[in-house]
Amino acid sequence: MDRERLGRLALEARKNAYAPYSHFAVGAALLTKNGKVYTGCNIENAAFSPTSCGERTAFFKAVSEGEREFLAIAIAGGPAGAPVKRACPPCGVCRQVMAEFCDPETFEILLATENGVEEAYLLKELLPRGFRKSRLEE
Ligand code: THU
């Protein structure tokens with residue numbers, strides 16, 4: 001699975017976004033160590049706080065299917081009904097969910113637009129000195 005293909009899967013997943021309040025549609029494609037891809041989109045709610053981001057939808061789908069090891073996630077977000085023109089970085093809550101399951105040194109976060117993957121980061125770059133489960137075990 002190359003980066004560009006993962007980015008296109010995020011754009012495809014974005015088509016299912018349920019975003020009647022923000023009109024901001026996000027898609028994500030999460031790659032497991034075994035090469036499987038779980039996609040997700042944002043799912044909003046009239047009460048607002050129950051909203052799930054596209055990234056967390058993908059993670060929770062994967063983890064609920066028994067997956068625990070991940071290599072990369074591609075994210076595509078932007079105003080609904082228009083092509084994705086700008087890279088959309090993940091929110092802080094989604095970064096924290098990534099930190100629960102992913103190696104900060106190797107997990108890749110790919111920001112896709114209609115032109116392809118435009119930015120790539122390691123988790124450690126987007127969540128430096130994060131709170132991790134190892135802290136609870138000391
Ligand atoms: N959103 C995501 O899906 N991922 C992010 O990382 C940032 C924000 C969604 C949440 C909400 O449905 C909409 O984008 C506007 O914030």
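This section describes the ligand site, the buried helices, the salt bridges and two unusual backbone angles of a predicted model.

The shell around the ligand is formed by Ser22, Phe24, Val26, Asn42, Glu44, Thr51, Cys53, Gly54, Glu55, Pro89, Pro90 and Cys91. By class, this shell comprises 6 nonpolar, 4 polar and 2 charged residues. Oxygen atoms of the ligand are approached by both side-chain and backbone atoms of the protein. A polar side-chain atom of Glu44 is placed 2.5 Å from a ligand oxygen. From the backbone, an N or O atom of Gly54 lies 2.9 Å from an oxygen atom of the ligand, and a polar backbone atom of Cys91 is found 2.8 Å from a ligand oxygen. The protein buries 79% of the 370 Å² that the ligand exposes when taken alone. Strand 1 and helix 2 are the elements that contribute two or more residues to the shell.

Asn42, one of the shell residues, is located in the loop between strand 2 and helix 2. With a relative accessibility of 6%, Asn42 is classed as buried, because the cut-off for this class is under 20%. The side chain of Asn42 reaches the backbone oxygen of Phe24 at 2.8 Å, and Phe24 is itself listed among the residues around the ligand. Beyond its neighbours within four places in sequence, Asn42 is in contact with Ala17, Tyr18, Ala19, Phe24, Ala25, Val26, Ser52, Cys53 and Gly54. Of these contacts, Phe24, Val26, Cys53 and Gly54 also appear in the ligand shell.

Helix 2 is mostly covered, with 8 of its 11 residues buried. The buried positions are Gly54, Glu55, Arg56, Thr57, Ala58, Phe59, Ala62 and Val63. Gly54 and Glu55 also belong to the shell around the ligand. The cover over the buried residues of helix 2 includes strand 1, strand 2, strand 3 and helix 3. Helix 2 is followed by Gly66, which has a positive phi near 100 degrees.

In helix 3, which spans residues 92–101, the buried residues are Cys94, Arg95, Val97, Met98 and Ala99. Helix 2, strand 3, strand 4 and helix 4 (123–126) are included in what covers them. Helix 2 and helix 3 thus appear in each other's cover: helix 3 is listed over the buried residues of helix 2, and helix 2 over those of helix 3.

A search of the whole structure identified 4 salt bridges, of which three are described here. In the pair formed by Glu108 and Arg3, the closest N and O atoms are 2.5 Å apart. Glu108 lies in strand 4 (residues 108–113) and Arg3 in helix 1 (residues 3–14), so this salt bridge ties together parts separated by 105 residues in sequence. Both partners are partly exposed, Glu108 with a relative accessible area of 24% and Arg3 with one of 38%.

A salt bridge also joins Glu69 and Lys33, with 3.8 Å between the closest N and O atoms. Glu69 is in the loop between helix 2 (54–64) and strand 3 (70–79), whereas Lys33 is in the loop between strand 1 (24–32) and strand 2 (37–41), so the pair ties together parts that are 36 residues apart in sequence. Glu69 is partly exposed at a relative accessible area of 47%, and Lys33 is likewise partly exposed at 47%.

In the salt bridge between Lys15 and Glu12, the closest N and O atoms are 3.0 Å apart. Lys15 is exposed, its relative accessible area being 61%, whereas Glu12 counts as partly exposed at 45%.

Two residues were also noted for their backbone angles. Most residues other than glycine have a negative phi. Phe48, however, has a positive phi near 65 degrees. Phe48 is placed in the loop between strand 2 and helix 2, the loop that also holds Asn42. Phe48 is exposed, with 56% relative accessibility, whereas Asn42 is buried. Arg129, likewise not a glycine, has a positive phi of about 50 degrees. Arg129 is situated in the loop between helix 4 and helix 5 (134–137), and at 78% relative accessibility this residue counts as exposed.

Terms used:
Residues numbered from 1 in each chain as written. Predicted model: local features only at pLDDT ≥ 70, side-chain atom pairs only at ≥ 80, totals over all residues. Heavy atoms only, no water. Salt bridge = Lys/Arg side-chain N within 4 Å of Asp/Glu carboxyl O. Helix = DSSP H or I, 4+ residues; strand = E, 2+ residues; numbered from the N terminus. Buried < 20%, exposed > 50% of the residue type's maximum accessible area, 1.4 Å probe, protein only. Near = heavy atom within 4 Å. Polar contact = N/O pair within 3.5 Å; in protein donor to acceptor, adjacent residues only side chain to side chain. Areas by Shrake-Rupley, 256 points an atom, 1.4 Å probe, with all protein chains shown as cover. Nonpolar A, V, L, I, M, F, W, Y, C, P; charged D, E, K, R; others polar. Contact = heavy atoms within 4.5 Å.
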